[in-house]
Amino acid sequence: MQPVSHPSAFIEKDWQSTIRDTAAEAEQLGMLHRDQLALVYRQKWFKALMPAEYGGLQLSLPHLVRLQEGLSWADGSFGWVFTLCCGAGWFAGFIDKVIGESIFNGDDTCLAGSGAATGEAVCTPGGYLINGQWNYASGAHHATHFTANCVIKNDDEVVTNEDGTPLIFPFIVDQKDVELLSTWKYIGMVATGSHSFKIEKLQVSKDRCFKIAPGFATIESRLYQYPFLQLAEATLAANIAGMAIHFIDMAETIIEQRVALNKYTSLQETLLQDKLMGIKADLATSRDAFYEAVDESWLNEDEKSLLQVSKASRRLARQARIYVDDLYPYCGLQAASPDTEINRVWRDLHTASQHSLLTFES
């Protein structure tokens, strides 16, 4: 297998310029910049995983994760919104086709949502009555629809599965039926606008409910047969890797500048150069293993290949965190100033890497 290219090879230079030139302003706005959104809509990125028959790109997983790493290398918040919103768009492959055609055919269609089952849906003669509040809906400001997991109830009684656990289904609702709550106040990923949303006493029809499992796909495609867990692990790992490489690129430049100003002894300079070389080599090895696992699982999906995707994704995410923090002390106060690009990258990575899915390596 050929070594995997630098993330910059996965995106066009003008895309990078548009994303990075507006990233600081996007952070001030607390949402993606209008120029960034215009790029998203031109490229149909929010529809990257939507079915082609709904005007989506229906990308393969190997194509998707490379694009995600490249866009997250350009800017972490941008890459994260792209990933979470197009990931929610993947649900289009499981939603009733009649309602799907009316929801997903818009040029600006974008789904945001939450995987936590923090709402309830009470069965009614015509469908369900939904109430609840959900956190961390990345891209909420420009979402046209929201997905929300709900515990299913008959009156006050929770409906259970055969094993006694609560029955949980996801629902899709229109933006007009959702109240946004300004709760996203974290140190990084500021431009993702990952706010909470609330739904109160909303009556929905049964076709607004769906089930995410290969046997319940409504679109015939390899994409909607791939397991959700590995899809999520791989896409999040690609994002974190992209941010880490952005930081390492900037750290290398800063270290070179400090060397040129004679900030280090010859011994210190040698140690830093060796450290940089070692980090870049180790991360390259992990990226090679990650992409090999993703590509293999797409071609030959079995238990062994899917397990490798999980392991490679978690390992890559863990190394990204460790290596960024290893280099941070050598970047001076530039890395500690909230007004600098390298600090924004550091904050974005440390916020994104708090996602529970990749917290543990195994």
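These are my notebook entries on a few strands and one helix pair in a predicted model.

**Entry 1: strand 3 and its partners**

I began with strand 3, which covers residues 145-154. Is it buried or exposed? I found 9 of its 10 residues buried, so strand 3 is largely enclosed by the rest of the structure.

Next I looked up who pairs with it. Strand 1 (residues 111-124) runs parallel to strand 3, and 8 bridges join them. In that pairing I noted A112 opposite F146.

Strand 5 pairs with strand 3 too, in the antiparallel sense, over 7 bridges. Here H145 sits opposite D174, and C150 has F169 as its bridge partner.

I checked burial for strand 5 (residues 168-174) as well: 6 of its 7 residues are buried, so strand 5 is also largely enclosed by the rest of the structure.

**Entry 2: the hairpin**

Then I followed strand 3 to strand 4, residues 157-158. The two pair antiparallel over 2 bridges, with K153 facing V158. They make a hairpin with 2 residues between them, and D155 in the turn has a positive phi of about 55°.

**Entry 3: helix 7 and helix 10**

How do the axes of helix 7 (residues 228-260) and helix 10 (residues 341-352) cross? I got roughly 150°, with the axes coming within 9 Å. Angles over 145 degrees count as roughly antiparallel, so that is what helix 7 is to helix 10. The crossing is left-handed.

I also listed who touches whom: residues including F247 and M250 in helix 7 meet residues including W346 and L349 in helix 10. The contact residues split into 12 nonpolar, 1 polar and 2 charged.

Terms used. Residues are numbered from 1 along each chain as its sequence is written. This is a predicted model: local features need pLDDT of at least 70, side-chain atom pairs count only at pLDDT 80 or more; totals for chains, interfaces and linings use all residues. Side-chain values use heavy atoms; hydrogens and water are left out. Buried means under 20% relative accessible area, exposed over 50%, partly exposed in between (1.4 Å probe, protein chains only). Helices (H or I, at least four residues) and strands (E, at least two) are DSSP runs, numbered from the N terminus. Two strands pair if DSSP finds at least two bridges between them. Axes are lines fitted to C-alpha atoms, for helices over the stretch in contact, and angles run from 0 to 180 degrees between N-to-C directions. Angles under 35 degrees count as roughly parallel, over 145 as roughly antiparallel, 65 to 115 as roughly perpendicular and the rest as oblique. A crossing is left-handed if the near helix is turned anticlockwise from the far one by less than a right angle, and right-handed if clockwise. Contact means heavy atoms within 4.5 Å. Ala, Val, Leu, Ile, Met, Phe, Trp, Tyr, Cys and Pro count as nonpolar, Asp, Glu, Lys and Arg as charged, and the others, Gly among them, as polar.
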